[in-house]
Amino acid sequence: LYGDKGYISALVTPQVIPDNAVGMVAVRYLVQENDVAYVEQVKIEPDGAAKLKTEDYVIRRELVVKNDEKFDSEKIQRSLEKIYNLGFFEDVRVNIEPASAPNKRNLIFTVKERQTGQLSLGAGYSSLNGLTGTLQVTENNLFGKGQRIGLTWEFGAKITNYEISFYEPWLFGTPTSFGTSVYRTTRQPFEEYKEQRTGANLKFGVPFGEYTKVWFTYEYKEINIEADLKKASPEILQQQGNHKFSSLVANWVEDTRDRVFFDTTKGHRYSASMEYAGGVLFGTENYTKYIVEASWFYNILWKFVIAFHS
């Protein structure tokens, strides 16, 4: 509690005073508060001699503790979580060193980078798509700037899929996120018809507070159904032709998890979204879709975590 208010040098010493006559003890806590400490500098250092690939500003923009502020252990812990949740580091630590005055300290965040690029080759089989192969290339920290790009190629006798995506977490140096993807999928799961999907989307994320973000996504896609007039059922023939989807999604997310990608030990994630398609957005398909989702995480014993999801 003292650390949350800047008294990082506070000393709390318990004294136990027994009363043998009645078999009781009194406990007295001696508190020496000392001075409030302030942050003089926040430093970012690599774990080892290797130079960091990640740009310094990519890490610093995640910090909630600033220069010249009084020490706040809660803000320091939150800064550690946000740096780790970038997904670029396998270890993040913080140390304190003396600064230019007795009541000032320097904060040193030491980070150990992990591989952020990935090349994946895979093969699979399903009764719907038959034998398929997948080639995927992703880079989650493009040029050390925190951007993400991905390329996917899925191929097989019954399916062909191409997709490219890009994500910028800080658009024009602001905390507004931007993402886009383009895809084209052709598949023929049955002899009766062939389906082709072509689409693209744009999404923007705007933060509201430390844990809340609102996303707006616009997507346009066309689904073309080519039916075999001799083999297709009346239901499939009714769906034949080109279907145009034009939709807008608003999604509210509150996420307090300590670790976003894996090894979550505490926190929750709530989301609520509404998708509106057609109408004033044109397109041939009209619908409204609502989704509410919630997850909770609790550390119950040692490294065991229980999660609930609805």
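Hi everyone. Let me start with one residue, asparagine 34: at 34% relative accessibility, it counts as partly exposed, because partly exposed covers the range between 20% and 50%. Asparagine 34 sits in the loop between strand S2 (24-32) and S3. What makes it worth pointing out is the backbone: asparagine 34 has a positive phi of about 60°, although it is not a glycine. Before I go on, please keep in mind that this is a predicted model.

There is a second residue with that kind of backbone, so to speak, and that is tryptophan 302. Tryptophan 302 is not a glycine, yet its phi is positive, at about 50°. Tryptophan 302 lies in the loop between S15 and strand S16 (304-309). Is tryptophan 302 buried or exposed? Its relative accessibility is 68%, so tryptophan 302 counts as exposed.

Now let's step back and look at the whole chain. The protein has 3 helices and 16 strands. The radius of gyration is 27 Å, well over the 19 Å that the globule rule gives for 310 residues, so the protein is more spread out than a compact globule. You can see that in the dimensions too: along its principal axes, the C-alpha trace spans about 100 × 55 × 40 Å.

What share of the 310 residues counts as buried? The figure is 32%. As for the surface, the protein exposes about 19,300 Å², and carbon and sulfur atoms supply 57% of that. On the charge side, there are 36 positive and 39 negative side chains, and the centres of the two sets lie 2 Å apart. And if we take contacts between residues at least 6 apart in sequence, 47% of them join residues at least 24 apart.

Let's go inside. In soluble globular proteins, nonpolar side chains tend to be buried together. Here, the largest nonpolar core has 21 residues, and those with the most contacts inside it are Ile59, Ile83, Phe89, Val92, Leu107, Phe109 and Val111. Which elements give two or more residues to this core? They are strand S3 (38-46), helix H1 (56-60), helix H2 (73-84), strand S4 (89-98) and strand S5 (104-113). H2 gives the most, with 4 residues. Apart from this core lies another one, of 6 residues, among them Tyr193, Ile225, Ala232 and Phe245.

If you want one residue to click on in the big core, I'd pick phenylalanine 109, which is among those with the most contacts inside it. Leaving out residues up to four places away in sequence, phenylalanine 109 touches a list of partners that includes Val42, Ile44, Leu63, Val65, Ile76, Leu80, Ile83 and Val94. The list also has Lys43, Glu45, Ser79 and Arg93 in it.

S4 also holds a residue with a rather open setting. Proline 98 lies in strand S4, and at 67% relative accessibility it counts as exposed. Setting aside sequence neighbours within four places, proline 98 is in contact with Lys104, Arg105 and Asn106. Proline 98 and leucine 171 are 73 residues apart in sequence and 36 Å apart in space, C-alpha to C-alpha.

For another distance, take glycine 48, in the loop between S3 and H1. Glycine 48 is partly exposed, at 48% relative accessibility. How far is glycine 48 from isoleucine 225 in space? Their C-alpha atoms are 57 Å apart, with the two positions 177 residues apart in sequence numbering.

Further along the chain we come to tyrosine 162, in strand S9 (residues 159-168). Tyrosine 162 has a relative accessible area of 47%, which is partly exposed. Beyond its neighbours within four places in sequence, tyrosine 162 is in contact with Thr152, Trp153, Val182, Tyr183 and Arg184. Serine 177 is 15 residues from tyrosine 162 along the chain, and their C-alpha atoms are separated by 24 Å.

Last stop: serine 295, in strand S15 (residues 287-301). Serine 295 has a relative accessible area of 14%, so it is buried, because the cut-off for buried is under 20%. Which residues does serine 295 touch, not counting those up to four places away in sequence? They are Gly267, His268, Arg269, Tyr270, Phe308 and His309.

That's my tour. Thanks for listening!

Terms used
Residues are numbered from 1 along each chain as its sequence is written. This is a predicted model: local features need pLDDT of at least 70, side-chain atom pairs count only at pLDDT 80 or more; totals for chains, interfaces and linings use all residues. Side-chain values use heavy atoms; hydrogens and water are left out. The radius of gyration is taken over C-alpha atoms; the globule rule is 2.2 Å times the number of residues to the power 0.38. Buried means under 20% relative accessible area, exposed over 50%, partly exposed in between (1.4 Å probe, protein chains only). Contact means heavy atoms within 4.5 Å. Accessible areas come from the Shrake-Rupley method with a 1.4 Å probe; for residues, only the protein chains shown count as cover. Lys and Arg count as positive and Asp and Glu as negative; His and the chain ends are not counted. The place of a charge is taken as NZ of Lys, CZ of Arg, CG of Asp or CD of Glu. A nonpolar core is a set of buried Ala, Val, Leu, Ile, Met, Phe, Trp, Tyr and Cys residues joined through side-chain atoms within 4.5 Å.
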